[in-house]
Amino acid sequence: MLRTLAIAGREIKALFYAPLGYIVLTIYLLFVGLLFSLQILRPGSLADPGPMIAMNHLIMVFLVPFITMALFSEEYRSGRIEVLRTSPLTEVELIFGKFLGALGFYTVLVLSSVVFVLILLAFGRPDFPPIFTGYVGLVLMGMLMVSVGLFFSALSQHQVVAAMSSCITLLVLDWLATVLSFLLRPYVKPSWHFLQGVLNVLGYIAIEPHTTGFARGVVDTRDVVYFLTGSFLFLAMTYVVMESRRWR
Amino acid sequence: MQKPAEIVVDQITKDYGRFRAVDHISFEVSKGSVVGFLGPNGAGKTTTIRMLTCYMPPTSGRASVAGYDVFSQSLQVRENIGYLPESTPLYHEMRVGEYLDYRGKLRGMPRAQRRQRIGEVAERCWLGDRLRWLVGNLSKGYRQRLGIADALLHNPPVLVLDEPTVGLDPSQIREARRLIAELAGQHTVLLSTHILSEVELVCQRVIIIGRGRILAQGTPDELKQQGAQRGGGSRLLVEVRGPADQIKSAIAALPGVQDAKILGGGPVASFEITGKVEAALREQIAATVVGRGWALREMRTAGMSLEEFFVQITDPGRSGERSDGGREAA
């Protein structure tokens, strides 16, 4: 546990030592700030940061790959993987430490948008429970996104390749399934059970539909299970990749 | 009675695809000794070391470090090993003290112990004044020291150092050697290098590998003797004032002389004589030279250096040509 936390702590610090962390933070705050000022901070609108929280996935798809790209790629490229592998660490401790580190930075990122909730407090009385569940949902979504990024970082020793492939995968996960099911749904007759089933599955593996509930204050176990199993799947795949690299 | 073996390697083999990097190597390193691990580039040194440090599993064979099997008890092996990889990879954005603290945490050392050991290893590796520096700003020599400090941090019984003196300046190399010599006794050290003078100075035993196999092992003196036997005797270096060609043919005609080579001409000629260089032959040569009226200036026997043995054994094709230039003078 101490070892996992040591790795996680180092990862968070590494992101804050380098300019990259601040660039990500700036882009995120710009995006959320725009959402906030255009959508919420308008005369007559509800004092509800829900839409701002719900739309986080749009930007996170692009930002999380930057947080995770270096996790393993950089260790491979620099040869530090040799130092890590020859330390008394299990593979699980290593992967989980990296995962927690990136998730920690992600959480800091997400929590930085609490500023806007505080601004909202000056003008109205927002309903707190949905805000709380909204943030819980964001962290759950972050677990999935970070584990996807971690997986691709373990696959390649080039950060750019890792970032691109995780970004594309996240985009597909976030959008394509939803878009496809929306585009195709009208043309698929209810009697075509197989295609209906495919669309249902596509709809289920998409990230976006699973985020909306949290922002409205609904914690649906299906969504929680989706994010947890998704992260577990990608962490397990990372483990397999790391183990197989050892044997090469 | 030999001390118990700290590192035992038994018929270890590693294949990279079709390429066999290490081919059934076996050796032992006894507790508290410093053993030099020599070989030309690509001989399989680093591969062997990586298998010992549990970076990669062997294709076949067994090895144990500090009594633990590298395959089935990998974590215990890693706890008992301090390893300096060849390229000394470090985190450049961290500070020296912070890096050592992080490495201590990875090894599960409690805070008080970390603080105490960081102080000790920093002093031992002459890093005391650099603890607050960014690793990225350190010179190559200081990074190397940091790597050694990291390997020593948890006071492991076994140290595996892969080319620890690469990139150090001459005085740092001397300091590093002194450090390694100090470590002997308390630690078992496996030192990979291709600097032969280093091996002669610090290692009690030498293992030479080439193309994935062990070519020779023993103490440096044993190896030199072996080399002298394989090389067909040692050499005699003679310096005579007189006509070089005549002297050469006169010496070559003596019984027991295999070959006489002119190393340098001019009024004073020097020769390298190979053959059975025994006392009788030396006397005969002296008598011949003096009897013909030439002036004998110098005569000495040159044994085989570890370097010559190394070249002979790792590259049989070139063993005939001896590095004549300045070797004898050294």
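This section describes the confidence, chain architecture and inter-chain contact of a predicted model.

In chain A, the mean pLDDT is 90, and 100% of the residues reach 70 or more. Within this chain, confidence is highest in helix α7 (residues 91-111), at a mean of 95. The lowest confidence in chain A falls in helix α11 (residues 193-205), where the mean is 82.

Helix α10 of chain A, comprising residues 159-184, contains 26 residues. From its first C-alpha to its last, the helix reaches 36 Å, close to the 38 Å expected at 1.5 Å a residue. The axis of α10(A) nevertheless carries a kink of about 35°, centred on A:Val172. Buried positions in α10(A) are found on both sides of that residue in sequence, among them A:Leu170 and A:Leu173. The buried set further includes A:Gln159, A:Ala162, A:Ala163, A:Ser165, A:Ser166 and A:Cys167, together with A:Asp174 and A:Ala177. An α-helix has 3.6 residues a turn, so residues three or four places apart point the same way. The cover over the buried residues of α10(A) includes α4 (56-68), α5 (70-78) and α9 (128-155) of chain A, as well as α11 and α12 (208-215). Helix α11, the element of lowest confidence in chain A, is thus one of those that cover α10(A).

The contact between the chains draws 20 residues from chain A and 19 residues from chain B. On the side of chain A that touches chain B, the elements giving two or more residues are α1 (2-17) and α6 (80-85). Of these, α1(A) gives the most, with 6 residues. By class, this side of chain A has 9 nonpolar, 5 polar and 6 charged residues.

Helix α6 of chain A also holds A:Ile81. This residue counts as buried because 22 other C-beta atoms lie within 10 Å. When residues up to four places away in sequence are left out, A:Ile81 touches A:Glu75 and A:Tyr76.

Chain B has 330 residues, of which 39% count as buried. Its secondary structure comes to 11 helices and 14 strands. The chain is divided into domain 1, spanning residues 5-218, and domain 2, spanning residues 232-303. The centres of these two domains of chain B, taken over C-alpha atoms, are separated by 47 Å. Among contacts in chain B with a separation of 6 or more, 67% are accounted for by residues 24 or more positions apart.

Conventions. Residues numbered from 1 in each chain as written. Chains lettered and ligands numbered in written order. Predicted model: local features only at pLDDT ≥ 70, side-chain atom pairs only at ≥ 80, totals over all residues. pLDDT = per-residue confidence, 0-100. Helix = DSSP H or I, 4+ residues; strand = E, 2+ residues; numbered from the N terminus. Domains from an automatic or database assignment. Expected span 1.5 Å × (residues − 1). Bend = angle between axes of the 7 residues up to and from the residue. Buried ≥ 20, exposed ≤ 12 C-beta atoms within 10 Å, placed from the backbone. Contact = placed C-beta atoms within 7 Å. Nonpolar A, V, L, I, M, F, W, Y, C, P; charged D, E, K, R; others polar.
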